[in-house]
Structures are given as structure tokens and as C-alpha cells.
Amino acid sequence: MSAPLLAIREARIEYPVRKASSLRRRTQRAVDDVSLELGAGEFVAIVGESGSGKTSLANAIFGLVPLAAGEISLRGERIDHLSARRARRLRRGAQMVLQDPYDSLDPTLTVAEIVAEPLIVYGIGSRGDGSRERLVDEVLESVGLSPATDFRDRHPHQLSGGQRQRVGIAACLVVTPDLLVADEPVSMLDVSVRAGILDLLDRQRQESETAILMITHDLPTAAAYCDRMVVMKDGAVVEQGPVAQVVENPRDPYTVELMRVTPRLRQETRGVARMP
Amino acid sequence: MGRWLYVCRRVVGALLTIIAATILDFFLFRAAPGGISNLAFVPGGSPQLKEALRHEFGLDQPVLSQLLHYLQALLHGNFGISYSNRQPVGPQVAEAFMHTLPMVGLGLLIAVLLAFTTGIAAVWFRGGAVDHLSRGAALVLFGIPAQWLAMMFIFAFRDSLPSGGMHDPFLIAPSFLEEAQDLLRHMILPSLTFGLTTYATFMLILRTSLIEALSEDYIVTAQAKGLPVRTVLLRHGLRNALLPVATVLGLAIGTAAAGAIIIEAAFSWPGLGDAMAKAVSQHDYPMLSGTFIVITASVVLVNLAVDLVYGWLDPRVRL
Amino acid sequence: MNPPLLEVAGLDVFYAPLDEEPRRHIVRDVSFSVSTGQRLGLVGESGAGKSTTLYALLGLLPGNAEISGRIAFEGVDVLAAGHSGLVALRGHGIALVTQSAMNALNPVHRIGRQLREAMPSGGRGRAARRARVDELLDRVGLPPSVARRYPHELSGGMRQRVAIAIALASEPKLLLADEATTALDTVVQARVVELLHELCTELDLAIVFASHHLALVAQLCDTLATMYAGRIVELGPTEQIRDEPQHPYTRLLFEATPDLGERKEHLRSIPGAPPPLSDVLPGCSFEPRCPRAVEGCRVRNPAVEPASHGGEVACLRPERVEAHG
Amino acid sequence: MSAIAARARATLRLANRRRATTIGILILSVFAFLAVFGPLIAPYGAHEQVGRPFEPPSSAHPFGLDGGGVDVLSLVILGARVSLLVGIVATAVSIVIGAGVGIVAGYFGGLVDGVLMRITDFFLVVPVLPLMVVVAAVWGPSLFHVMIVIGALLWTPVARVVRAQALAVRERGFVRRARAMGASSGRIMWVHVLPQLRGLILTNTVLMIAQAIMAEAALAFLGLESAQVVSWGTQISHAFSSASMSAGAWWAIVPAGLCIAIVVLACNLVVIDSGEARARRRPLHLSRRRPRVTAQPKALEEQVS
């Protein structure tokens, strides 16, 4: 059996906390004993409220925060505790889509420079021969920013929110990753453009077998797009399974509660959910 | 609990800063090319004399024990002997400090009063004549060298107000009232110069912070409650604007100290600044070092006071 | 019949240019009414003019705003008295709850003080005011000890409850809520919405709830108004609008919003983006993005007309008419 | 051709919008011109006695003569060079130290940040001018010493603001993305962090020039600069020590101080617009200006009946 694309085993993440009343340093667990596997072409959502540790987990995959315990491997190779250089080579296959499209693009760069950055970092193509430019144009067209010549030289502030997020995705797809980690990819966008962005991610998965790990607090969106759902609370996974099972037959009390209080649009008996 | 820890940390921090400054002062005067270690030698003096001088100044001992000696002496108020008048520096510096205090105090009062009235008015009438006028005045005052303003005042009031010193030496057996009046007449120009040059920074900071505060959401909440404009402006706007003002005010005190030195030198006001200026021209290093330590310590302590006031103003302070 | 609690007719809000930008028309000819105990939801995307409409009702707009139209509260035309008429409504009859960011409460004052400040002045002793603080906190489900706390010591949900308590302090008849639950987690959000619902029924409070969260608005409100580019394009009873939206934008908005358990195949996005609010459009502002647009939509701005679901719609080709032939 | 015209028009429009900046730059250009070509323009030398002490302004000497019988106009023109030179050299020193410390501390954080900021805090709290006086006094009066001392002691505020901004940029999404990508620290600093700080550093540079010029004048006044140096600072100092005030020779005092005031004001004007424009775009929730209620109700007639 081949190794899964992404495997997180018993991961624990801790942050130092400084309290005024004590001079000793203490740590707080943001993620505690989380295990998770992701196969090629899978669309998995990590659902949780603020402080559930879902963003820390995403940061750990990219080595932005150290693991206190456990391991993370990509295609069977461990990527935690690695030197920056080796990790860079391995992580080329994993890219990150961020939440706030106003914030995730460098305002001083042009669209073409932003999209080309991973090519430069990983040393793909060379500067003179126009190969990078061709790649950039291709990927811009493929995310729906066409013709690419209209967008290449613009700065982020000259784009709408949805267009910015498309640029952010293009900057990931340009290196044809196997894994996209999308941290709240649509929560800052208007409802009317959300489906377009998610469809783009979904199409990428179907056409190129790219696995997608979406981190979100928006249960209905996660349920609509994902195959599998992982529910986190206070740093721990409380439930995971196929979407239909988690939504219709939740077992953990927290998941039950979450499903119950999520407002429904077409629910027959409308009204405010009563708290016990 | 958290508050007390904050206070303790600040007090310890301030003390450490003062100690570090005195150590810096020690090394500056000893290690630098024109420092005490060279000055103690009389050109052409016999080796015996040199040795005696070295011994007298303690220069034959290791640097660390010299430093400890020096700090110990400072702790007892012993700042050494002035080169120029052969008197202990300590009492002279103390006296000068007592002279500086009222002048700077009155100046600060002028600056703060002016800054608050015009700063609030400038925000309230934003973009209007008051705003432009007070901002323009602040910007111009910001760029005027204190010594130049002092000279202009001396020139302008050369027939009506005294241009230097603290007392009229020809006043014979004055009553208390006469004496106070005389002091005030001498103080008015230095204080005014100090107040005006300091005003600019205070006013510009207050204006910016107040604008910042008034664009926050809690101002909307306060207005939606139906509170009168005055209450919203003062209790919610100004109260929050005081936080950044306090932060920057502490730092502005250092700049103000610089102004005080120059102004005292210009008006021959017998305070710390004047003492420092005289020490420079007379190469009176013990005096220079003494005034430096006292000025630094005062500025650090004022900063400490500002920090403590900040902790009291902002309930979020814990660290 | 009694006059409605609040009646807004032909409300327009402009922003005069501050810098180099052109003059913007934020709220365009908005009319609606709210009666006692009614819960009206304003839905729309960012820049649709929801917040501006609410803030205009209390005269809380920045100095470069221009308001025109008619706003009547309990039958009295408040705009006739100019801006001061609106100011008079604050703390007397209409209250506001803003987004639950940290910033809505003053960070340097204790909660108790901020609550007491919001009470109508006069007629009450010190002890009575303190008792009222406890009562208000209890009303929103918080213990009396919260009065001695500072905002930064409270969680997001607690802060939002405090904000609601402050709004209730003046015993208002109408509560304006601007994205009041947006920054909260799902579970906390549900509790706050439940609290609002409870207050409406128990205190006979009317509420105007502005949010981009369609499902949430549909859950809380009995009446729904869809806003697009400054206009109310459709208004009517929530259930009817949900079941048979007549404005294409409303229908598309519903189709873009996933319901729990629904798969992606049912979801659609709306191509294009809202027009810049500086633009003077001769026709319908939704026309460039509308799948049903015809030539006439580009030149004629549709008037608000009664719709078959009992509400109103502003569209030349509403969906219902098409379906019936 | 038309492209050039369009560009010129755009520049003019910008100049009109940023009027204060434009005025500031124009004033600074005039003084920069004087600093470069001063010796060619000045009618007399800086140490040349051309008449009686304190000769009042006349057609031959429009600014009169100072206490040494030197032409004040020539002194003012020649003084621009040293004053601006001190401003620029000292600023270069302090910006390099300040921005360097700020960026390194802000980007790396942790222990590096802790150590650098303790040092910065110390120098931030210790009053700068007294320290400058002590250092300059011990080191001996010299123009070079003055420049270095000013530069080496004025960097702390720059380090503070640059660090704060660098910390903020570090938390921005695009830096997080670049780090997730595995980009090197050097690349992130150079491509992502530094460009965001450009405006801030530029603003501080301009303000620092003003501060350094004032500091030079202060040190000169306290006698810490060689009396032979011809700067605005030494002129004020000479005017003071030669008792121009009591001699009624206002012309010996006014020009040099005015020059300093104008240059400092011009520096402030250059940067004031950017801050004000940002502040203006953020409307206040409370201001004297009230929303205007226009055009009376359309449906008033129905209501009245």
C-alpha cells in the first residue's frame, strides 16, 4: 500500500503564554493529539470555531509553527524537523490559499510578479527565456482571469475581492501542487462570488487530482463541497467521517449541537433554535 | 496583583536605566581621548606628581573597582569637586536643580494648557480656520530653534523685562511679595520660550490621537446612547486619546530637557542647563558629569511617572 | 389602523467627495416601514447600503453625508426638524447594536458605567440605577459581576450581550442591529439570535436586522428586504420570498447560499460585480449581471411595485410573471 | 509628444492635490541650490570684514553686517552648506542604524528583538541633547564629531517605528504565504518587508534631517562646534555672544534662525500630506460638521392631511 499524500500523526502544538501574575513561562496547547490522513484528489474540510486549533494545524503543515510532538509527512516523507532547504524541496507539492484576499497579496507587486514568485523560489524556469511568463499567463487564464494580458500588470488594489482570491489560487497552481491547504478561502468574500471560487478549487481537484484541505467555520459550505469532514474543538478532533454521516448522523455531542444551531434556509419548521 | 507587578517592573526598569546611564557616563569620561584619565596629568609634570595624581584620582586601581567607588560616591551625593570653583559639585547641582524646577514647571503648564485647548478646538473645527491656524503655529514653532526664540524675546522685551538671571541684584531688602514678583518677571520669558517650543509637539500629538479616537466604533455606540456631544467628545474621545498622548509625552520630555538646557543658557537662568553650558565652556568635567546624571535621572523619573499614569489610565495594561 | 412604528419613504443618502473621489450615492430611494414587534431583515452584500440605511435613521452618518426623504417615528416626521430631529431619536425609542468587534465598547470604562450612561437621565436614584444595571445584565443572560469588568476581560459573545444590554437601557421600541452577530462563532451566534428573538416577543420590540448572512436573517425575521447597490429591490414576508423570490437578484442570492446538507451542484455564483456607487445608472443597477435582463432594463429604472407574494419588487421582468406566462 | 503633455498634466494634478508637499520640496530645492553653489553666489567671504560692526541693512548689504563686520547675507548663503550637510550626513547615519535595527528586530523577533529593543529603549529614554553635549565635550569640538554624534544618537525613534511596522508586516498574509512557500528570510525581507516600509523610512528621513539641523544649531550654541565653521547654528551662537540683542542689531539674529525654521517647516510640509490624506479618508464618527438634510419629503402632503 502506498503512503497517503498527507499524514498527520498525533500532532501537538504548543504556544508559550506569558502571564503577568507569574514569572514562569507556561505553554498552552493549541492542537492536541490530532491525526489526519489525506489521499490524492480528496476534498477534506476541517471545521471548527475560533480557537479550535484549525489554523495552527495548517501552519504546522508548512512549518510555520513547530510541532511539540507527533509527525507530519508528505507522500511518506517527514516534513517536520527538517532543514529549510530540504523542506522547501518537499513542500513544493503543497501550497497555501489564505483567507483575506486583501491581505494575502503583496500590494507593491503586480499580479504577474505575485504569481511568478513560487517559480522563483523553487527555481523553476529561467528569467530570460520567457518560460515563466508563459506559465504565468497559462495559469491566470485557467483560474478565469482571461485574457491574462488584462490582469498581468495590475496591482492587487485594482482587483475585486473575488479576482484577488483567484490570483492567490493561481500563485499556488503555477507549481502544480498535489495538495492545496485553503484557510477560510471564501469567508471574506461576498456570497455571490463564493461558489465561483470553490468551484475553481473543485475543478482543480477533478482535473489534476489535487487534494484539497479546506479550513473553515462555515459548516454548510464545507458540507456542500467536501468528501470528508473533520470537526475540531479546543485543539482536538471530536469527530471525522464522510460528510453525509457527520451532517446527518453526528455522534459527538458538540457536533450534534453545531448541526442543530446552524441556521437553515430551506428548513421546513422555521424559527430560532432553542437552547437546552 | 497584575497592576502591582506592572508598577514594580517599571520602577526597577527606571532604576536600571539610571544606573546604566551613570556607568555610561563613567566610561565616557574615562575612556574618551579628552577624558579624565588624560586630563589628570599636568603637562611637563614630574613622574612623581603624575603618580600622586593617579593615586589621588584612584586611576591606579582596576577599572571595576574605580567604577564601584564612583557609584558608591554617587549614592552618597558625592559628585566630585568642580574644576572651576573648587567646590563640591553635589550641592551646586542640587541648587541648580531647584532653580530649574519652577521655570520648567511654569513652561510645561503653558504648553499643556495651550496644547489641550487648541488641540481639541482644532479637531472639533477640523479643516476650519482654527485647525489651520493652530496646526500652522505648531509647525512653525516646531522648527524654531529655542535659542533663537529666546534671543528674539530678549530683543523684543529688552526695555520691559529682564533678559537674564533670576533676581534683580539691586533690590534692597525686598518684601516677600516683591521678591516673588521679581522672580516671576525673570521667569516669564524663559518659561514662555520653553512652553512655546514644547507646545508644538504636544499639540500635534494630541490632535492626531483625538482624530484617531473619534473614528473608533465606541464613539458610535456612545452617540447612539443619546449622550450629549460634550460627553462623547470628552469622556469617550479625549479619555481614549490620552493613552497615546501619554506614551509620546514621556518621550517628548527628553526633547523638552534639551530645550531647557538651551533656554537656560540663553537667559543665564542659573539652573542645570546653564550649569551644563558653563561646564562645557570651562572644561569642568565633574560638573558636566554631575549635571548629566541629574538631568538624565530626572527625565527617566518623569518617564516613570508617565508610565505609571498610563497604567492607571488604561485598564488593559498588565505586563 | 395605527401608523407604523417607523416609516421610511424615499430615503436617499449621498456622500460628498472627501478626497479626489466622485460623489457617491449610497442609499437610493429606500422605503420601508416597521410596526411594533416586527422583525425586518435587511440582506445584501458588502456595499449594498444596509449599514448606511440604519445609521441614517439615527443621524450617525459622517459630516460629508447628505440625507433626503421622509423618516417618521410613531407618526412624527423627524427629518422635518433636520438633523437634530434624528439626533433626538437616540436614546429615546430607537437603539443601535453594532458589529461585535472589540471596538463597540469603550475600552477604558467599566461595563457598569457604560450601561448607566445609556439610561435615560433623571428620576432615578443611585441605588435604583445600580439595580437597573443588574436587571439589564440579567435580561441578556449575564451575571451582575460583569458590571465591574472592563470590555477586554469579556469574551466576544459576552461583549455582544453587553452591547445589547446597553441598547435596551433606554427602553427602546425599535432596535437596529448592524451585522450584530457576524464576528461571533456559530454556537454563540445562535444564542445571541435567540436572545434577540426572545426580546422581540417579550418586550414587543421591533427590530431591523442588517446582515449578509441570508440563512440567519431568514431564521430570525418575519419580513425580508433584499438590498442591491443602495436600493431595496424586493421586500416581503420571509417565507414567501424564500419560496418564490421575484427579483432575479434575490433568487440568485438564495441559490448562491448553501444550506446544510445541500451539495455543490445546487450552488451558483453570480457573475460580475456590483456597480461602483458613484455611477449614475439610467437603468436597473442589477442589469449587467442579470440573466433575465432585456434591452429595456438598461434604460428604465424599475419602480417598486406590489408583488404577488404580498410584498414589493423593483424589476421589469419579475420571476413570477414569467412563470405564469 | 502628447504622452509627455499628459504626464506633465498628471504631475501637475498631483502637485495641486499635494500642495504642502510641493511647496516643501520647492523650498528645500532652493536651499539645496544655495548649499551647492553658495560660494559662487555669496557676495562676500565668511570671514571678510567689509564694514563697521553691526552696520544696519543698506543697499550694499541688504541684511546688514554682524558683530564682526561680516556681511550677513553672505553668511546665510554660505551657512546653508554646513547646516544641510550636517542634516544629511547625520540622517544617513541614524537612518541606517535605526532602520537596520528596526527591521532586524521586527522581523526576527525573539531574543534578537529583546536585546536590540532594550538598547533602543535605553537610548530612547536617556535625554539625547545632554548626552550629545557630554560626548561632544569629551571628544572635542569639531564639525565631524558633531555630525557623527547627532547621527549616532538620533536613531532610536526610527528603530522603534520601523520595528513596529516590520512586526505588523510580518503578520500580513503575503508574508505568511511566502514563508509557507519556503522563501528565504533574505528574500522575504527584500521583496516583501522592505517595500512596505519604504514610505515610513522616507518620511522619517525627511523629519530626521530637520531634527539634525536643529541639533547642530543647539550644539553650536553650547560651543561644541569649532567657531571657524560657517553654519546657521554658529551664526546664532555668534550673534548671541556678541550681544546683538542689546546692540539692537536684530538683522544679525533674524536671518539664520529664520533659515532653520523655514527648512524644518519645509521638511514637515513634505511629509504632512501623506499622513493627513490618510486621516481625511477615515471619517470621524463625531464632528462639528453634521450630515446635511436636503430636499424636503416627497410625500409630505399626504402626511399633513
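## Terms and model

A strand, as the word is used here, is a DSSP run of E with at least two residues, and a helix is a run of H or I with at least four; both are numbered from the N terminus. By this rule Glu10(A) belongs to strand 1 of chain A. The structure is a predicted model.

## Chains B and D

Chain B contains twelve helices and zero strands. From its N terminus the order of elements is therefore α-α-α-α-α-α-α-α-α-α-α-α, with helices as DSSP runs. The C-alpha trace of chain B extends over about 85 × 55 × 35 Å along its principal axes. Of the 319 residues in chain B, 45% are buried. Where contacts in chain B link residues at least 6 apart in sequence, 72% of them join residues at least 24 apart.

Chain D has 13 helices and one strand. The strand comes late in the pattern α-α-α-α-α-α-α-α-α-α-α-α-β-α, with one helix after it. The radius of gyration of chain D is 26 Å, whereas a compact globule of 305 residues would have one near 19 Å. Its C-alpha atoms occupy a box of roughly 85 × 65 × 50 Å along the principal axes. In chain D, 47% of the 305 residues are buried, and 71% of the contacts with a separation of 6 or more are between residues 24 or more positions apart.

## The contact between chains B and D

Between these two chains, 54 residues of chain B are in contact with 44 residues of chain D. On the chain B side, the elements that contribute two or more residues include helix 1 (2-31), helix 8 (176-214), helix 10 (229-267) and helix 12 (285-313). Helix 10 of chain B supplies the largest share of this side, eleven residues. Sorted by class, the side of chain B that touches chain D holds 39 nonpolar, twelve polar and three charged residues.

## The nonpolar core and helix 7 of chain B

In soluble globular proteins, nonpolar side chains tend to be buried together. Here the largest nonpolar core comprises 383 residues, and those with the most contacts inside it are Val115(A), Ala170(A), Met132(D) and Ile150(D). Helix 10 of chain B makes the greatest contribution to this core, with 19 residues. Apart from neighbours within four places in sequence, Met132(D) is in contact with Val149(D), Ile150(D), Leu153(D), Ala215(D) and Leu219(D).

Helix 7 of chain B is largely enclosed by the rest of the structure, because eight of its eleven residues are buried. These buried positions are Ala146(B), Gln147(B), Trp148(B), Leu149(B), Ala150(B), Met151(B), Phe153(B) and Ile154(B). Helix 7 (146-156) is also among the elements that give two or more residues to the side of chain B that touches chain D.

## Strands of chain A

Four strands of chain A form an open antiparallel sheet in the order 2-1-4-5. Its edges are strand 2 (26-38) and strand 5 (77-78), each of which pairs on one side only. Strand 1 (residues 6-17) and strand 4 (residues 69-74) run antiparallel and are joined by five bridges. Opposite Ala7(A), in strand 4, stands Ser73(A).

In a regular strand the side chains alternate between the two faces of the sheet. Strand 6 (residues 94-97) of chain A has Ala94(A) and Met96(A) pointing one way and Gln95(A) and Val97(A) the other way, and all are buried. Strand 6 runs parallel to strand 7 (residues 179-183) of chain A, with four bridges between them. Leu180(A) in strand 7 is the bridge partner of Gln95(A).

## Backbone exceptions

Most residues other than glycine have a negative phi, and most peptide bonds are trans. The peptide bond from Ser146(A) to Pro147(A) is cis, with omega near -5°. Pro147(A) is located in the loop between helix 4 (131-142) and helix 5 (148-151) of chain A.

Two glutamates have positive phi values: near 45° for Glu10(A) and near 50° for Glu171(C). Glu10(A), in strand 1 of chain A, has 12 other C-beta atoms within 10 Å and is exposed, because the cut-off for that class is 12 or fewer. Glu171(C) has 13 such atoms within 10 Å and is therefore partly exposed. Glu171(C) sits in the loop between helix 5 (156-168) and strand 7 (174-178) of chain C.

Methods. Residues numbered from 1 in each chain as written. Chains lettered and ligands numbered in written order. Predicted model: local features only at pLDDT ≥ 70, side-chain atom pairs only at ≥ 80, totals over all residues. Rg over C-alpha atoms; globule rule 2.2 N^0.38 Å. Buried ≥ 20, exposed ≤ 12 C-beta atoms within 10 Å, placed from the backbone. Contact = placed C-beta atoms within 7 Å. Pairing = 2+ DSSP bridges. Nonpolar A, V, L, I, M, F, W, Y, C, P; charged D, E, K, R; others polar. Core = buried A, V, L, I, M, F, W, Y, C linked by C-beta atoms within 7 Å.
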